[in-house]
Every structure is written in structure tokens, then in C-alpha cells.
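Student: Please take one part of this model and look at it closely. Begin with the backbone around a single loop, then work outward to whatever connects with it.

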Amino acid sequence: MESEKTNFQSVTIGSCARPSWSILFLLFTLITIFSIQLSTTTPYLFPPNWALIRPQRPVPSSSASDPITCSGFFRALPKRKLVMSIKDFGGVGDGKTSNTEAFRRAIRYMQRFQHRGGSQLNIPNGTWLTAPFNLTSDFTLFLNQGALLLASQDVKEWPIIEPLPSYGRGRERLGGRHISLIHGNGIKNVIITGDNGTVDGQGKMWWELWWNRTLEHTRGHLLELINSENVLISNLTFRNSPFWTIHPVYCRNVVIKGMTILAPLNAPNTDGIDPDSSTNVCIEDNYIESGDDLVAIKSGWDQYGITMAHPSTNIIVRRVSGTTPTCSGVGIGSEMSGGISNITIEDLHVWDSAAGVRVKSDKGRGGYISNVSISNIKMERVKIPIRFSRGSNDHPDDGWDPNAVPRFKDISISNIVSVNSTKAPVLEGIEGSSFEGLCFKNITLHGIAASTKWHCEYVSGFATKVFPVPCPDLKNTSSDSSWCSPS
């Protein structure tokens, strides 16, 4: 044992006493690396972002840490060259002083930075009273936490503008319509965001004009963008809109994400988000309480929409939650005369509402609704979970064509759970219209007796794994229904 120890020591000491050049080079390299690491302020042997540059195992897009998103419809923009405050233009946030001219001065100045690096207007903490104002391209409107943008209650400060060509007149009254509080026409690369600041339309004045039937022109929206492209609307609270809250019309590449939209549940026509004759629209992660549809997809009104033929297409509605006692969680139509196609609606939570999912149309609308996927919807205390409706007799003027009936094709409604429902689905089609590829699958409506019958007229399609049993119009034994088989 002693001899083995002596031999080991001699070998070790001998090796250290006569090191090879390769060993010396290795020791020198290690000492150099170690000394460099010690000279830096970081305690890590490797850079702190090492995990970010190492190859990582892909995470499924549907995971909780990385939920699937359509926000890529908005093309990211570089940092704005100019950043200023509304105070720089004379703004006073006391809730009493009108800031209309301050906003207009700010926008006129910031128009100079279109195509020159862009601009950002910050709205600091305070209450900023203003009449409607226009946005510009390459522009960011940023509302800080505690910032409240308050709409003027002087009707004369809301100018009258031309009706939309796909409507032919104001939606509520003949002739023109009031401009929206925040308005943009023909703009691009626009961001409306903040640190959960608030825009309040003070809509009660407008609702009373409607209730009292003293409204002279169609009410304005809280935010309307026309013929605009590459828009992001996020991280704000919009409340008390006079009319529809957010209305992108004839737009492309619009993302509306992380918004809170509020209105009294009896406030008339206060839809949350209404994409209209627009393409590539992403609506996700929003909370909405309103007196009308949480989301309504539109594309023009009767003969005016048919003539313009500007469809709504490639629209995704995802992870929206809320309540509306008079209308639906998501509606398609009834203004759909320009056509609506390629629609994905999924992962919704709707409660205490008149309907969960609703497809609305009528004679005179024309147009089409096609390639619609509605799935993964949770409903609680929703009166009619699924509804196709007609017969509103709502037309812009006497020029509508009673022979113009809409067409419906490839509408899939699946994976629906409704708790404490009170009525079975109502599917009212339109005489003379065509249905092709209507599919219902994996639908359970709790609270309804098994004997409760669906109400179906002028519809046809297929159903499988549906409770209560659907109407005979929805067959489930044809070879043509293979695409509608349960997943």
C-alpha cells in the first residue's frame, strides 16, 4: 500500500515537474478565460442570455406560455422619431378646459413626420376634454395610466361627414353622420395604445337623443378608421361610446388586442368591435360589456353593399369574453351585402346574454357568408346559444331588391358547451337562399330538456354528437357529411 502511494506521488510530481507544451497551453487558455470572466460585473461563466441563444425545443403555439395569436397581421414598426406630450401643444388635463385645438395642433405638427421616422403623442395623467380629432399616418397615440380622454358633450362639436358608400346613408338617419371621436381616413402604420389609459365617449347624451327620437343624424363611433392599413389598437379601456365602439371599415391588417370595452347593458347599439368590409383583422384577448353585440362582422347594407362588393375576409376572433343581455357574443351580419368569408371564431366565453353565436341576414341583403369556423365556445345563462335570424325588415331606402337573397356555404359550429340555457337553437333561414355545408358537431346544451326541439326553417346540413337532438333538416347519415364527422 505504501509503495503504491509512493509510486502515485512520484508519477504526479514528475508529471508536474516536466509539463508538456500542450498542457501549458491549455492551462494558459483556461486562466485567460477565467480572468476575463472575473473582470466583468456578471457572476456568470457564460453570458446571462445564453439560454436565449442556445437552440431550444419548440413550444407548441397553443400552450399557455405562448398562446396562438393572429397579432402578426400588424407589421411591427421602428421606434418613433418624435415623441411629444399634448401639454407641448397647450393641453390642460383638468377635465374642464377644451383640448380640441391642442389635439388638432398636435396632429398638424406631427403630419410632418409621415415617412420621416413617425411621431408619438403622449397623453399624461389627467382628464382631457376634447371634441373629435383626426389621426395621421406613421403615428402613435399613447395614453398613460391615469389618462382619461373625455368626449365633448356639445353636439355642434361633432361634425357631419358623408355616409359610407357601402351604406348609402347614415345607419340610423338619412343623410350624413356624425364623425367619430377618434377618426382616421386613408392612414397607415398607426398605433393606438397605452398603459391602460381610458377613452370615455360620454354616450348618455347620444343614447337619450335616440330614446327620445330627437336624433337628427346617425351617432358617431368612439373610434372609426376608414381605408386604413397596418393598425394596432391595444391596452386601453374604451367606455360609453355613443354608437358602435370600434369600427374599422375598408381597412387591412388591423389588430385589436388586450382591450376593455364597457357600456351600460341597456345602452343602444353600443357594439364592442365591428370590422366592416375589412381584410386581415385580428380581434383577440378582449373583454367587452355592451348593449349590443360584443363583436359583429359586417360588409355593407343592401344594394349599396352589393354594388360596392367590398367583402370582409380573413378575420379572426379569439379569446373574447363578455356579456350583452340584448344581443350576441359574436354576430355575423346583418349588414353583410358585400360578402363575408374566411372567418375563424374560437375560445369565447359569453354569459348572461341573449345569444351566444348569431348569423343575421334578410331578404334584400344579397351577398354571401362562407367558410366560417366557430369553435370552443363556453356559454353560461345564454338564452339562445346558437341562432340564425331573419326578418328585421331593415333597409336603407326603397331601392332594395327583395330578390337579392344571401348565400351560405361551409359554416362549421363545433365544441360548444352551454350551461343553464333556456331555449334550443333557432335556425331561421331565408326562403330562396342556398345552404351548403352547414355543420354542427360536439355541442352540449345543459339546462334544456332532451325532448326540446330545435326550431329550423329553410336550412339544411349535418349534425353529429349534438344534444338535444337537432332538427331533421340537419342530417347525419349522408356520405356527403363525412367532413362533418366528429373529431
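Tutor: Pro-468 sits in the loop between strand 31 and strand 32. This is a predicted model, so every value here is computed from predicted coordinates. The peptide bond that leads from Phe-467 into Pro-468 is cis. Its omega is near -5 degrees.

The loop also carries a cysteine. Cys-471 lies between strand 31 (461–467) and strand 32 (474–475). Its disulfide partner is Cys-456. The two sulfur atoms are 2.0 Å apart, inside the 2.5 Å cut-off for a disulfide. About the S-S bond the torsion is -80 degrees, and the link is left-handed. Cys-456 belongs to strand 30 (residues 455–457). The two cysteines are 15 residues apart, and the pair is classed as linking distant parts of the chain.

Is each end of this link buried or exposed? Cys-456 has a relative accessible area of 15%, so Cys-456 is buried. Cys-471 is at 6% relative accessibility, and therefore counts as buried too. The cut-off behind both calls is under 20%.

The model has a second link to set beside this one. The disulfide count comes to 2. Cys-70 and Cys-282 form the other pair, with sulfur atoms 2.0 Å apart. The torsion about their S-S bond is about 75 degrees, so this disulfide is right-handed. The pair spans 212 residues. Cys-70 is in the loop between helix 3 (50–53) and strand 1 (82–85). Cys-282 is in strand 19 (residues 279–289). Both Cys-70 and Cys-282 are buried.

Two further cysteines deserve a note on burial. Cys-251 is at 1% relative accessibility, so Cys-251 counts as buried. Cys-327 is at 12%, so Cys-327 counts as buried as well.

Strand 19 leads into the strand pairing. Strand 17 and strand 19 run parallel, joined by 5 bridges. One of the contacts in register is Arg-252, whose bridge partner in strand 19 is Thr-279. Strand 17 (residues 252–257) also pairs with strand 14 (residues 229–234). That pairing is parallel again, over 5 bridges. Here Val-231 has Val-254 of strand 17 as its bridge partner. Strand 17 therefore pairs with strand 14 and with strand 19, given that two strands pair if DSSP finds at least two bridges between them.

Back to backbone geometry. A cis peptide bond also runs from Gly-333 to Ser-334. Its omega is near 5 degrees. Ser-334 is in the loop between strand 22 (328–332) and strand 23 (340–351).

Positive phi comes next. Gln-202 has phi near 45 degrees, a positive value in a residue other than glycine. Gln-202 is placed in the loop between strand 12 (198–200) and helix 5 (204–211). At 23% relative accessibility, Gln-202 counts as partly exposed. Asn-415 has phi near 55 degrees, again positive in a residue other than glycine. Asn-415 is in strand 27 (residues 407–419). At 31% relative accessibility, Asn-415 counts as partly exposed.

Now the interior spaces. The model has 2 cavities of 30 Å³ or more. The largest has a volume of about 100 Å³. Its lining consists of 14 residues. Closest to the cavity centre are Leu-164, Arg-171, Arg-177, His-221 and Trp-244.

Last, confidence. The mean pLDDT of the protein chain is 88. Of its residues, 85% reach 70 or more. Confidence is highest in strand 16 (residues 246–249), at 99. It is lowest in helix 3, at a mean of 26. Residues 1–63 have pLDDT below 50. Beyond near neighbours in sequence, that stretch has 14 contacts in the model. Helix 3 also bounds the loop that holds Cys-70.

To return to the starting point: the loop between strand 31 and strand 32 holds Pro-468, whose peptide bond from Phe-467 is cis. The loop also holds Cys-471, which forms a disulfide with Cys-456.

Conventions:
Residues numbered from 1 in each chain as written. Predicted model: local features only at pLDDT ≥ 70, side-chain atom pairs only at ≥ 80, totals over all residues. Heavy atoms only, no water. Helix = DSSP H or I, 4+ residues; strand = E, 2+ residues; numbered from the N terminus. Buried < 20%, exposed > 50% of the residue type's maximum accessible area, 1.4 Å probe, protein only. pLDDT = per-residue confidence, 0-100. Contact = heavy atoms within 4.5 Å. 1 Å grid on protein atoms, 1.4 Å probe; cavity = no way out; pocket = protein on both sides within 12 Å on 5 of 7 lines; lining within 4 Å. Points joined across faces, edges and corners; volume = space filled by probe spheres on them.
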